[in-house]
Amino acid sequence: MSRIAHLVFILLICFTVPQPVAAENKSAPSISLVQINADGMIADLKYLVLDLADEKKGWSNLEELLPTFLEGIDKTRPMRIDILLGENQKERYRLILPVSDLGKFRDNLEVFEISSKKQRKGPYILGNLFEGFMNYLQKEQYVVISEKLSEVEEITDPLQRVQELINAKYDFSALITNEKEGVEERKKSMISTREQLLAAVKKKRDETDNAYELRKLAFTHQMDELERLFVQSEKMVIGWTTDAAANEGRLVFTLKAIEGSSLDESIKQFATKPSYFANVPVQMDGILNGRINHPLDEMRKENITAFYKLLLPSLQERIQANKDLTDEQKSAGKKVAALIIEMLDAGKEASLIDGFIDTKSVADNKYTLLGGARSTDGAKLKEIVELLPKVMKDQTVETDVVNEESLKIHKINIKDQYKAGFEELFGAGEALYVGSTPEALWVAAGPDSIKRITEASKLVKEPAPEKVSPEVIELNVKTLPWLKMVNKLRGEKGNQEIREMLIKSLTSTDDTFSFVMKREGETIDGKAKLDKGILKFIGNVIAKFSKETL
């Protein structure tokens with residue numbers, strides 16, 4: 001879906017919205033997108049929409065539309081699109097397309113009201129709705145289209161820059177490279193971009209000042225992360241493959257930072273210290289299993305502190321405005337919010353996010369869950385549990401069901417209105433258990449919860465493995481059980497249509513999403529895999545869009 005959307009978007013932008021752009025910024029990133037070929041793109045769409053989703057009408061609309069963009073294009077060879085950035089990162093595009101019939105391709109430009117005038121020497125001049133140039137590389141049988149003459153003439157080998165992407169046989173891929181010398185220029189060029197994007201974050205109707213400022217701050221922190229990637233990465237590769245034979249989709253990425261940059265220093269912190277929970281076994285084959293051992297550099301620690309500082313008044317404001325709560329509930333709710341924020345903020349002092357979640361199957365399709373997270377302020381957990389009955393009507397708890405010198409465990413009984421969803425996964429009569437030690441917070445649900453927390457709290461005291469795992473993040477999720485649980489909890493609330501579409505798309509054998517990010521030398525590598533059922537859901541979403549808008 002993303003490949004089609006991106007291609008059509010770029011084609012429409014290129015062919016209909018010419019923009020005056022200032023002198024080229026030589027320090028800007030070089031960005032190239034590659035579609036392995038149009039036939040593959042069409043085959044993938046057919047697989048998603050027709051073969052998996054069985055949406056004949058949705059596919060019929062796409063099948064009718066796609067040829068209008070591909071007339072005269074060789075559908076068996078790679079297509080390349082370069083995103084060109086001028087001053088202040090203003091975007092325009094250079095299309096590098098394989099041509100099977102130049103005449104038909106030029107005729108198709110006319111369909112988009114773009115004229116192509118052949119010059120005696122030099123590239124074609126394009127006019128009307130798009131003003132620019134088109135160079136035809138006769139030997140390679142590719143056309144190069146862009147606004148500036150220099151940008152079409154400098155391409156003599158259409159695929160040389162992206163050959164590694166083609167060799168990897170990704171269906172759709174992106175290559176982003178930066179020169180070390182341009183770091184400061186790129187950083188300066190981001191100033192106006194940030195200002196423009198932040199200015200677009202408008203206050204919503206009935207949104208409080210605190211909520212608005214928090215949303216702006218969250219956006220600013222996202223921009224901090226993206227800017228560092230944009231400015232300080234030496235090379236990024238992203239590749240997507242729809243594998244119909246294996247009934248799965250795969251996404252991979254690789255990131256290498258410019259040596260000596262703060263991004264480089266951040267990457268060098270990865271996989272240098274073992275997780276506090278390294279001795280706790282986690283098998284990536286349950287309904288929710290994962291680990292994270294992610295260091296926090298100074299930029300992220302500062303951002304976390306600033307975020308929590310604004311988050312608390314925003315949460316307390318929402319609690320105060322809730323008309324369904326009594327004054328006592330509001331007072332207790334505000335105290336709980338403050339305690340949680342204090343615990344979370346204290347966790348950053350360890351300079352990392354370190355935790356795990358592990359589920360195991362037990363009898364009758366039920367599960368047991370265990371999770372842990374590093375914390376230096378777990379003592380507040382008991383205060384939070386004790387306040388819950390004051391926050392939620394008919395909520396009952398039992399504190400100190402385990403009360404040892406270093407381990408405290410508390411029981412949170414499940415309210416009647418949540419039992420159907422909770423028992424869907426963990427069985428009748430089960431409860432939620434939370435615990436704390438001076439170094440960590442614990443959570444468990446399902447059979448043997450207390451035993452699992454107790455045993456795990458002893459394992460973490462044993463010597464950590466000598467070899468540090470290179471995995472920074474590991475995640476394995478079977479989505480169908482959680483969707484069924486959410487559906488029972490939410491009922492008709494929220495986006496029920498999307499949930500029902502997801503449940504319809506998935507079965508218990510094809511609902512898994514997995515992700516691994518690890519450090520390999522000086523690079524960060526990531527791999528994600530989507531099972532057949534998730535691809536079927538994507539096909540249903542594409543079909544819905546096709547039927548409603550095309």
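Here are three short exercises on this predicted model, each with a worked solution.

Local features need pLDDT of at least 70 and side-chain atom pairs count only at pLDDT 80 or more, while totals for chains, interfaces and linings use all residues. Residues are numbered from 1 along each chain as its sequence is written, and side-chain values use heavy atoms, leaving out hydrogens and water.

**Exercise 1.** Find which residues of helix H14 are buried, and what they pack against.

*Solution.* Start with H14, residues 416-426 (helices are DSSP runs of H or I, at least four residues; strands are runs of E, at least two; both are numbered from the N terminus). Gly 421, Phe 422, Leu 425 and Phe 426 are buried (under 20% relative accessible area, 1.4 Å probe, protein chains only). Down the axis of H14 these fall within an arc of 120° (taken from the directions from the helix axis to the C-beta atoms), so they line one face. Their packing partners are strands E13 (367-374), E16 (432-437) and E17 (440-445), plus helix H16 (479-490).

**Exercise 2.** Work out how helices H12 and H13 are oriented to each other.

*Solution.* First, take the angle: H12 (327-347) and H13 (380-391) pack at about 155°, with axes 9 Å apart (lines fitted to C-alpha atoms over the stretch in contact; angles run from 0 to 180 degrees between N-to-C directions). Next, classify: the helices are therefore roughly antiparallel (over 145 degrees).

**Exercise 3.** Is Thr 512 buried or exposed?

*Solution.* Locate Thr 512 in strand E19 (512-520). Then read its relative accessible area, 16%: Thr 512 is buried.

How values were computed:
Buried < 20%, exposed > 50% of the residue type's maximum accessible area, 1.4 Å probe, protein only. Contact = heavy atoms within 4.5 Å. Parallel < 35°, antiparallel > 145°, perpendicular 65-115°, else oblique.
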